[in-house]
Amino acid sequence: MAAHDFEVIILGSGPAGLQAAIHAGRAKTSVLVLGREHKSSLQKAHVENYCCLGAVEGETLLREGRGQAEKAGARFLNEDVVETEKEDGWIKIRTESERELRTRALILAMGVQRHKLNVPGEKELLGKGVSYCVDCDAGFFRGERVAVIGEESAAVSGALTMLFYADEVHLIAGNLQVSESLAAHLRESAVVLHEGRKVKKIEGENQVAGLLLDDGTRLEVGGVFIELGAKGAIELAANLGVALDSKTMKFIVTDKKQETNVPGVYAAGDICGPPWQVAKAVGEGCVAGLEAAAYAKKLR
């Protein structure tokens with residue numbers, strides 16, 4: 001395999017992702033974990049209900065888990081993923097720094113937290129021009145003027161994607177927090193960047209009509225995409241055709257092997273639905289790691 005190829009790639013470095021990495025690594029497969037530990041919901045948690053351990057800080061669990069995964073042979077890359085696609089028996093992954101990776105088996109373990117902006121007009125105009133997913137709703141805004149709000153990879157890659165649909169794209173970012181290559185791509189593009197600005201209000205009656213920024217600037221836009229943080233598992237899963245639960249469309253559907261409807265794609269942890277417990281995430285991560293490794297080995 002080429003240097004950028006792995007048998008198992010795991011998106012997410014929380015408890016589900018780390019446990020998957022431990023088992024996939026111990027199964028003697030090449031493993032890469034993508035994501036940033038400090039973004040895990042466990043990072044600042046205080047855990048008292050995990051079997052066989054007394055009270056422990058989430059940060060400690062994550063640190064120990066990463067050490068175990070590295071000892072098992074897993075490698076780590078502290079980058080967000082911005083694109084996934086299937087190609088000739090491989091799953092292709094592109095990171096925020098334009099790294100091109102391929103894997104035989106992919107484990108989605110990134111959680112489901114949806115960050116809200118919490119400004120006037122956001123709740124009232126949801127579905128009426130306000131969206132939380134560029135990949136899902138870009139096609140509804142062809143030929144319009146739109147704004148993307150956020151400062152990390154989800155917002156920047158979303159704004160660049162919208163250039164293929166909208167006539168004019170604005171990005172409102174307090175402080176860009178992306179790789180140098182992604183930031184350079186943004187600045188060389190036609191996206192209108194409003195750096196150091198915040199949104200005070202989303203304006204409109206029954207449809208988004210504009211944005212009011214903290215410096216008094218008003219932007220006339222018909223669509224607003226709130227993309228705070230990194231690309232979520234739902235967006236990345238959608239590109240691969242992974243099925244979501246029919247009731248809420250928020251969680252990935254898996255079988256007892258943690259396999260999705262797409263061969264070679266597995267999911268574990270909060271992305272698979274409640275309860276939101278470390279024990280559940282670790283258990284599902286264990287199964288996903290073992291099954292993904294077994295799947296990848298068959299393709300050697």
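# Close-up views of a predicted model

**Figure 1. What lines the second largest pocket.** Sorted by class, the residues around the second largest pocket come out as 8 nonpolar, 5 polar and 5 charged. Keep in mind that everything in these views comes from a predicted model. The pocket's volume is about 350 Å³. Its lining is made of 18 residues, and those closest to the pocket centre are Glu83, Arg94, Ser157, Thr161 and Phe164. Which helices and strands supply at least two lining residues each? They are strand β6 (81–87) together with the helices α3 (134–137), α4 (153–162) and α5 (180–187).

**Figure 2. Helix α4, seen on its own.** Here we stay with one of the helices that contribute to the pocket lining. Is α4 largely enclosed or largely open? Of its 10 residues, 9 are buried, so the rest of the structure largely encloses this helix. The buried stretch starts with Ser153, Ala154, Ala155, Val156 and Ser157, and it carries on through Gly158, Ala159 and Leu160; Met162 is buried as well. Ser157, then, is a buried residue of α4 and also one of the residues closest to the centre of the second largest pocket.

**Figure 3. The whole chain, for orientation.** Let's step back for a moment. The protein chain has 7 helices and 17 strands. Its radius of gyration is 20 Å, close to the 19 Å that the globule rule gives for 300 residues, so the chain is as compact as a globular protein of that length. Along the principal axes, the C-alpha atoms fill a box of roughly 55 × 45 × 35 Å. How much of the chain is buried? The share is 51% of the 300 residues. Among contacts with a separation of 6 or more, 57% link residues that sit 24 or more positions apart.

**Figure 4. An open sheet of 5 strands.** Follow the strands across and you get the order β9-β16-β10-β11-β12, with parallel pairing. Which strands stand at the edges? Those are β9 (130–131) and β12 (192–195); each has a single partner strand, so one side of each is left without a neighbour in the sheet. Zoom in on one edge and you'll find β9 running parallel to β16 (residues 223–226), with 2 bridges between them. Within this pair, Ser131 stands opposite Phe225 of β16.

**Figure 5. A hairpin made by β13 and β14.** This view shows antiparallel pairing: β13 (residues 199–204) and β14 (residues 208–213) are joined over 5 bridges. What connects the two strands? A hairpin of 3 residues does the job. If you'd like a pair to look for, Lys201 has Leu212 in β14 as its bridge partner.

**Figure 6. Two spots in the loop between β8 and β9.** Both Gly111 and Lys128 belong to this loop, which begins after β8 (100–108). Gly111 has a relative accessibility of 19%, so it counts as buried, the cut-off being under 20%. Lys128, at 35%, counts as partly exposed. What does Gly111 touch beyond its neighbours within four places in sequence? Its contacts are Ala233, Asp270 and Ile271. Gly12 is 99 residues away from Gly111 along the chain, yet their C-alpha atoms are separated by 7.8 Å. Lys128 has its own set of partners: leaving out residues up to four places away, it touches Asn206, Gln207 and Val208. Val208 falls within β14 (residues 208–213), one of the hairpin strands of the previous view. Lys128 and Tyr165 are 37 residues apart in sequence, with 18 Å between their C-alpha atoms.

**Figure 7. Some backbone oddities worth a look.** Where does a cis peptide bond turn up? It joins Pro274 and Pro275, with omega at about 5°. Pro275 is placed in the loop between β17 (265–267) and α7 (278–298). Then come two non-glycine residues with positive phi: Lys28, near 65°, and Cys52, near 75°. Lys28 is in the loop between α1 (15–26) and β2 (31–34), while Cys52 is in the loop between β3 (46–47) and β4 (56–57). Are they buried or exposed? Lys28 counts as exposed at 67% relative accessibility, and Cys52 counts as exposed at 76%.

Note on methods:
Residues are numbered from 1 along each chain as its sequence is written. This is a predicted model: local features need pLDDT of at least 70, side-chain atom pairs count only at pLDDT 80 or more; totals for chains, interfaces and linings use all residues. Side-chain values use heavy atoms; hydrogens and water are left out. On a 1 Å grid over the protein atoms alone, a cavity is a set of points where a 1.4 Å probe fits but cannot get out, and a pocket is an open set with protein on both sides within 12 Å along at least five of seven lines; lining residues have an atom within 4 Å of a point. Grid points are joined across faces, edges and corners, and a volume is the space filled by probe spheres set on the points. Helices (H or I, at least four residues) and strands (E, at least two) are DSSP runs, numbered from the N terminus. Ala, Val, Leu, Ile, Met, Phe, Trp, Tyr, Cys and Pro count as nonpolar, Asp, Glu, Lys and Arg as charged, and the others, Gly among them, as polar. Two strands pair if DSSP finds at least two bridges between them. The radius of gyration is taken over C-alpha atoms; the globule rule is 2.2 Å times the number of residues to the power 0.38. Buried means under 20% relative accessible area, exposed over 50%, partly exposed in between (1.4 Å probe, protein chains only). Contact means heavy atoms within 4.5 Å.
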